[in-house]
Amino acid sequence: RWGGEEFLVVGHGYDDEGACELACRVLESVSEEPMRLPGGLSLRVTCSLGFSPLPWVASDGSQLSREQALNLADVALYLSKLEGRNRGYGVFPGPDPDGAGRMTDLGMDPQSLRLENGKGVRLVALAGPDLPS
């Protein structure tokens, strides 16, 4: 448990594609079975995800600290919640064509992720499974 209702999963040895596959499996697993409540009631639950690689190494060899990478994952989580929940966003090192090192200056708000997508970061969106009504 990372804090409040947040949980932290560390997946060692995953590349970008593997991290996205793990995130999809988490989205599916959480929403798969209704949560049983007292009195025989059940409740469908979903989750929102934010994730990033650790270590974070850009194509030019520059790195973000562990805290910076976790902050990016937290911002991506917030973006998932803003987009309507039951989804995830991954933030990965992206191309930085002008070499300005933008990722180290990235502001910690969801809009900055969108603005830097394709520059200092690469933002990957995942949708959770559709739930029955």
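Of the 133 residues of the protein chain, 34% count as buried. The structure described here is a predicted model. The accessible surface of the protein chain comes to about 8200 Å², and 51% of this surface belongs to carbon and sulfur atoms. Among contacts between residues at least 6 apart in sequence, 65% join residues at least 24 apart.

The protein chain contains three helices and seven strands. Read from the N terminus, these elements follow the order α-β-β-β-β-β-α-β-α-β. The description below begins with a sheet, continues with the helices that lie across it, and ends with contacts made by individual side chains.

Three strands form an open sheet, arranged in the order β3-β6-β7, and the pairing within this sheet is mixed. Strands β3 (48-51) and β7 stand at the edges, and each has a single partner strand, so one side of each is left without a neighbour in the sheet. From one strand to the next, the twist averages 15°.

The mixed character of the sheet can be followed through its two pairings. Strands β3 and β6 run parallel and are joined by four bridges. Within this pairing, Phe-51 stands opposite Gly-90 in β6. Strand β6 (residues 87-93) and β7, by contrast, run antiparallel, and seven bridges join them. Two residue pairs illustrate the second arrangement: Arg-87 has Ala-127 of β7 as its bridge partner, while Phe-92 has Arg-122 of β7 as its bridge partner. Strand β6 is mostly covered, since six of its seven residues are buried.

Two helices lie across this sheet. Helix α1 lies across β3, β6 and β7, and runs at about 30° to β7. Helix α2 (residues 66-82) also lies across β3, β6 and β7, and its direction makes an angle of about 150° with β3.

Helix α1 also takes part in an ionic contact with the sheet. Asp-16 forms a salt bridge with Arg-122, and the closest N and O atoms of the pair are 2.5 Å apart. Asp-16 lies in helix α1 (residues 16-32) and Arg-122 lies in strand β7 (residues 121-127), so the salt bridge ties together parts that are 106 residues apart in sequence. The count of salt bridges in the model comes to one. Arg-122 therefore appears in two of the relationships described here: as the bridge partner of Phe-92 in the pairing of strands, and as the partner of Asp-16 in the salt bridge.

The two members of this salt bridge are classed alike in terms of accessibility. Asp-16 has a relative accessibility of 29% and counts as partly exposed. Arg-122, at 31% relative accessibility, also counts as partly exposed. Both values fall between the limits of 20% for buried residues and 50% for exposed residues.

A further side-chain contact occurs within the region of helix α1, in which Ser-31 has its place. A polar atom of the Ser-31 side chain lies 3.1 Å from the backbone oxygen of Leu-27. With a relative accessible area of 4%, Ser-31 is buried, because a residue is placed in this class when its relative accessible area is under 20%.

How values were computed: Residues are numbered from 1 along each chain as its sequence is written. This is a predicted model: local features need pLDDT of at least 70, side-chain atom pairs count only at pLDDT 80 or more; totals for chains, interfaces and linings use all residues. Side-chain values use heavy atoms; hydrogens and water are left out. A salt bridge is a side-chain nitrogen of Lys or Arg within 4 Å of a carboxyl oxygen of Asp or Glu. Buried means under 20% relative accessible area, exposed over 50%, partly exposed in between (1.4 Å probe, protein chains only). A polar contact is a pair of N or O atoms within 3.5 Å; within protein, one must be able to donate a hydrogen and the other to accept it, and residues adjacent in sequence count only if both atoms are side-chain atoms. Two strands pair if DSSP finds at least two bridges between them. Axes are lines fitted to C-alpha atoms, for helices over the stretch in contact, and angles run from 0 to 180 degrees between N-to-C directions. Contact means heavy atoms within 4.5 Å. Accessible areas come from the Shrake-Rupley method with a 1.4 Å probe; for residues, only the protein chains shown count as cover.
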